Amino acid sequence: MNVSVLTFSPCLERSSLPIPDDLVFEIFSRLPSKAIARCCCVSKFWASMLRSQDFTELFLTKSFAHPQLLFVFKDDREIVFFSSPQPENPEENSYVVAANHLARFPGREFSCTTGFLCYGVNLIRNCEFEKVICNPSTGQALTLPRFNSRLRVGMDSYLGYDSIAKEFKLLSMNSSRVTDRWISKEHQVLTLGTNNSSWRLVECCIPHYTSRKWLCISGVLYYAASVNSASLNSMVACFDLRSEKFSFVKFMETFSRTMHHSTTLVNYDGKLGLIMSRSSRHVSQANKSLELWVLRDGAKHEWSKHVYVLPPSWKDVVTETMRIIGMVGTSEIVLSPSFQYVPSYIIYFNVESKRIRKVGIQGLEAFQGKRSYTYLNYVENVKFI
């Protein structure tokens, strides 16, 4: 089927010159995501075309080819989003990337995956809070159905994307006090974008306490967990978005069976990786090395360990407390300051060449001193939720 070229006149009538659908999609896919959102308001025909699965998948595929950095700030009970190009192999420390303001939403704790974020909004009555899904690229936000629970505290949520079924799912659970410890209860899943968007219970065979260290890789949600709220994380909970079933992997080490406070979950070339610092609670100037643990076989609880000794130049480059935000491939660890300072920057540490590069970020000066969260591989997604 062919569609006709639409003129940009107020009447928005079709011209007599038909062009193929794939060419129309290619033209629109070159527009920024905010422009796509505005184009959806032009007419029902444009909205239908730009919200079609064929177009949204094409746009997402192009976005994956050019991932971005996402900067998130909490500012006066609001969450503010900025993005910038993700530099590829920056050669000089003076390399500067300009940040682009995306959106601002009211909210608190959040999780992010494949262009969408989930955050909570406090409600005055009953100390409850609603869950909201938002798209920083388009500015769209959707309040989710109320979580089916009698419990009012400690709800954690993880947002994941199943690339095979092409579905976003939200895993949420409450925490409940058992004797003198807190563990997760009432595990429920919500599939986004369906006609019957309702929560459904899923079984979890191992009582555990959740954490805010999490990641979604190839349709599996991973998050660090412990047997109760009083112990350090000693295992990784794995939730398969397709089967909606849990499994657990123990963190095994000769001298310690728990993860360090500094542990960050990363995507190590499609495998789950844990990067941590043993010398301090945070990654700082005092660090001598970083450890990487890669999950080789979840069923057998097998991990491989890599130790990366930091070069002497580390002390000259790193001056603040840093947070590990991810890896580029298998060779570069990326870090960001825990708080925003001017000039803003992120650090690339190449584990093979031992080279450290500082990349400056412009446009974040208004958030001096604010706690910041930086994400690698952010993609623009124009899928309508």
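These notebook entries record what I looked up in a predicted model.

**Entry 1: an open sheet**

I began with strand pairing. Strands of a sheet pair through backbone hydrogen bonds, either parallel or antiparallel. Here I found an open sheet of 4 strands in the order β6-β4-β3-β27, and its pairing is antiparallel. I then asked which strands stand at the edges. They are β6 (100-106) and β27 (372-378); each has a single partner strand, so one side of each is left without a neighbour in the sheet. For the twist, I noted that neighbouring strands of this sheet are turned by 20° against each other on average, direction ignored.

I next examined the contact between β27 and its partner. Strand β3 (residues 68-75) is joined to β27 by 5 bridges, and the two run antiparallel. Looking up Gln68, I found that its bridge partner in β27 is Tyr378.

**Entry 2: aromatic pairs**

I searched the whole structure for aromatic pairs and obtained 14. I recorded two of these in detail.

The pair I took up to begin with is Phe82 with Phe367. Their ring centres are 5.5 Å apart and their planes stand at 75°; an angle over 60 degrees counts as edge-to-face, so this pair is edge-to-face. I located Phe82 in strand β4 (residues 78-85) and Phe367 in the loop between β26 (356-362) and β27. The pair thus links distant parts of the chain, 285 residues apart. For burial, I read 9% relative accessibility for Phe82, which counts as buried, and 6% for Phe367, which also counts as buried.

I then turned to Tyr158 and Tyr223. Their ring centres lie 4.4 Å apart with the planes at 10°, so I entered this pair as stacked. Tyr158 belongs to strand β11 (residues 156-162) and Tyr223 to strand β16 (residues 220-225), so the pair ties together parts that are 65 residues apart in sequence. Are these two tyrosines buried or exposed? Tyr158 is buried, with a relative accessible area of 2%, and Tyr223, at 0% relative accessibility, counts as buried as well.

**Entry 3: further ring contacts**

I also noted one aromatic cluster formed by Phe25, Phe55 and Phe59. Finally, I looked up a charge placed over a ring. Lys358 lies over the face of Tyr345, at 4.3 Å from the ring centre.

Technical notes: Residues are numbered from 1 along each chain as its sequence is written. This is a predicted model: local features need pLDDT of at least 70, side-chain atom pairs count only at pLDDT 80 or more; totals for chains, interfaces and linings use all residues. Side-chain values use heavy atoms; hydrogens and water are left out. Two strands pair if DSSP finds at least two bridges between them. Axes are lines fitted to C-alpha atoms, for helices over the stretch in contact, and angles run from 0 to 180 degrees between N-to-C directions. Rings of Phe, Tyr and Trp (its six-membered ring) pair if their centres lie within 6.5 Å; planes under 30 degrees apart count as stacked, over 60 as edge-to-face and the rest as tilted. Buried means under 20% relative accessible area, exposed over 50%, partly exposed in between (1.4 Å probe, protein chains only). A charge sits over a ring if NZ of Lys or CZ of Arg is within 6 Å of the ring centre and within 35 degrees of the ring normal.
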